[in-house]
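Open the model in your viewer and keep the sequence panel beside it. This tour tells you what to select at each stop and what to look for there.

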Amino acid sequence: MSDERFDLSGIDPTRDEASFDRVVDGIMAVASDELERRRTTARPLAAVSAWTRPALAAAAVVAAISVAGLAAVPRPPTSAEPEAGIAEALGVPADLGPFVRGEASPSVANVLVGMAGRR
Amino acid sequence: MTEECAAVSDASLVGRARGGDPAAFEALVRRHYRAAWSIAWSVTGNGMDAEDVCQDAFVRALERLDECRRPESFLAWLRTIVRSTALNLIERRKVRDAAPLDAVVEGSGPEADARAARAELRAGLERALAQLPERQREALLLHDLEGMTHAEIAGTIGVSEVNSRQLCFVARRRLREILDPRWVEEALG
């Protein structure tokens, strides 16, 4: 199958450079509004994207320093019975503490004794 | 087109044109105008209409540039816009005479004679091309006028490489039958 090209340059729209330039100028003139709109929209987006990378880098540095700082701070000794601490924080009388930690419900008598002991 | 833009990929130019860079958009227009014109011509069968279609299509492409998902295949995407713009034009006009092809050449002397000869050549060629089926015209114009390879044509118009080669072969054979033998001899060098 022959692939010999036909000379179609007679209908080539870009053959006459001056006339092709006019065609391109015409397209650019019609497109100018859309290009301007795109430039206007692109400016704020470009500003945001320009700030994104440095801001992320700064945040990463701050996070790294914070983690290192927290790791260096000595921790207070942990409570052996954290549940008791919670009961105290909630204002539960010490006599009723086991009921908070356990599953059994206090009787009315237990509550009265606990309240009396608090006084 | 600036030297800078001439060496830049379609994907990069599309990206810059999305941001409103006129030089990038102009580079896209200059790079793909002939292919777009060939596609438009294959639908309209008329050079003047093809020019109108190209202007509309490039501006529409710019307006919808964010929808171009594969900027590296810009021409294939542009083709769909050119074709739909051309089909819309035909739909609007329905019937179009070929008067611009036979435009009157004014003046006299050697320059006017040369212009007349060029116009006659162009008109004859356009009339002959107009007799080809659209698919053949499109493949032939993209190959023989735009200089695309069959692989590029295949990727642009959605046919196989072998099919593109066949379309061109059949189109050339038909053109030889239609055109004046002296002109064919000249066209084939």
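The stops run from the whole model to its chains, then to one helix and one residue, and end at the interface.

**Stop 1: the whole model.** Colour everything by pLDDT. This is a predicted model, with an ipTM of 0.76 and a pTM of 0.65. Keep those two scores in mind for the last stop.

**Stop 2: chain A.** Select chain A. Four helices and zero strands make up its secondary structure. From the N terminus, the order is α-α-α-α. Now check burial: of its 119 residues, 6% count as buried. The mean pLDDT here is 80, and 82% of the residues reach 70 or more. Select residues 17-72 next. That is helix α1 of chain A, where the chain's confidence is highest, at a mean of 86. Then move to residues 82-89. This is helix α2 of chain A, where confidence is lowest, at a mean of 65.

**Stop 3: chain B.** Hide chain A and show chain B. You should find ten helices and zero strands. Buried residues account for 40% of the 189 residues in chain B. Look at the contacts with a separation of 6 or more: 64% of them join residues 24 or more positions apart. Mean pLDDT in chain B is 86, with 85% of residues at 70 or more. One stretch needs care. Select residues 98-104 of chain B, where the pLDDT is below 50. Beyond near neighbours in sequence, that stretch has seven contacts in the model.

**Stop 4: the nonpolar core.** Which residues touch the most other members of the largest nonpolar core? Select A36(B), A40(B), C54(B), A57(B), F58(B) and V82(B). The core has 51 residues in total. Helix α3 of chain B, residues 22-44, contributes the most, with 13 residues. Now centre on V82(B). Outside its neighbours within four places in sequence, V82(B) is in contact with A36(B), I39(B), A40(B), V53(B) and A57(B).

**Stop 5: helix α3(B).** Select α3(B) alone and look along its axis. Where is the kink in α3(B) centred? Go to H32(B): the kink there is about 55°. Measure end to end as well. Between its end C-alpha atoms, α3(B) spans only 29 Å, whereas a straight helix of 23 residues would span 33 Å. Bring the rest of the model back. Of the 23 residues of α3(B), 19 are buried, so the helix is largely enclosed by the rest of the structure. Step past its end to G45(B), which follows α3(B) and has a positive phi, near 70°.

**Stop 6: S38(B).** Go back into helix α3 of chain B and pick S38(B). Is S38(B) buried or exposed? It is buried, because 28 other C-beta atoms lie within 10 Å, and 20 are enough to count as buried. Next, add L141(B) to the selection. S38(B) and L141(B) are 103 residues apart along the chain, yet their C-alpha atoms are separated by 5.5 Å. Leaving aside neighbours within four places in sequence, the contacts of S38(B) are E138(B), L141(B), L142(B), L145(B) and E146(B).

**Stop 7: the interface.** Show both chains again. Here 26 residues of chain A are in contact with 32 residues of chain B. Colour the chain A side by residue class. That side has 13 nonpolar, four polar and nine charged residues. Read this contact region alongside the ipTM of 0.76.

Note on methods. Residues are numbered from 1 along each chain as its sequence is written. Chains are lettered from A and ligands numbered from 1 in the order in which they are written. This is a predicted model: local features need pLDDT of at least 70, side-chain atom pairs count only at pLDDT 80 or more; totals for chains, interfaces and linings use all residues. Two residues are in contact if their C-beta atoms, placed from the backbone, lie within 7 Å. Ala, Val, Leu, Ile, Met, Phe, Trp, Tyr, Cys and Pro count as nonpolar, Asp, Glu, Lys and Arg as charged, and the others, Gly among them, as polar. pLDDT is the predictor's confidence in each residue, from 0 to 100. Helices (H or I, at least four residues) and strands (E, at least two) are DSSP runs, numbered from the N terminus. A nonpolar core is a set of buried Ala, Val, Leu, Ile, Met, Phe, Trp, Tyr and Cys residues joined through C-beta atoms within 7 Å. A residue is buried if 20 or more other C-beta atoms lie within 10 Å of its own, exposed if 12 or fewer, and partly exposed in between; C-beta atoms are placed from the backbone. The expected span of a helix is 1.5 Å times one less than its number of residues. The bend at a residue is the angle between axes fitted to the seven residues ending there and the seven starting there.
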